[in-house]
Amino acid sequence: MLVNVSLDWGNIVRDRRSDLGLTQADLARRIGRARQWVVRFESGHAGSASVDSLMAVLHALDLYVEVDTAEDETDSDPMFMDVVDPWDAPKAQP
């Protein structure tokens, strides 16, 4: 999934948390935050989260981030982040 705005992070986290059968309280316990922090994050306020908090969320949900440059130079934002479910990622060949 391509991430352009803070709300995208919230949607990714909410969908993945739900897919894993976790409540907001469960995720909050896993990352050492209050449930209200998770509520705000999932509501699109991810822009105020620290990188450390974002990394804790991604780790707790078994997600990783891949950073790449924009292929179309006309894009207004030169960098996009793609969040990938590790279960969907291609496996490395030996």
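Reader: Which helix is R17 found in?
Author: This is a predicted model, in which local features need pLDDT of at least 70, side-chain atom pairs count only at pLDDT 80 or more, and totals for chains, interfaces and linings use all residues. Residues are numbered from 1 along each chain as its sequence is written, and side-chain values use heavy atoms, leaving out hydrogens and water. Helices are DSSP runs of H or I with at least four residues, numbered from the N terminus. R17 is found in helix α1.

Reader: Is R17 buried or exposed?
Author: Buried means under 20% relative accessible area and exposed over 50%, with partly exposed in between (1.4 Å probe, protein chains only). R17 has a relative accessible area of 10%, so R17 is buried.

Reader: Which residues does L61 touch, not counting residues up to four places away in sequence?
Author: Contact means heavy atoms within 4.5 Å. With those sequence neighbours set aside, L61 touches V13, R16, R17, L20, L22 and L27.

Reader: Which helix gives the most to the largest nonpolar core?
Author: A nonpolar core is a set of buried Ala, Val, Leu, Ile, Met, Phe, Trp, Tyr and Cys residues joined through side-chain atoms within 4.5 Å. Here the largest one has 18 residues, and W9, L27, I31, F41 and L61 touch the most other members. Helices α1 (6-19), α2 (24-31), α3 (35-42) and α4 (51-60) each supply at least two residues of this core. The one that gives the most, with four residues, is α4.
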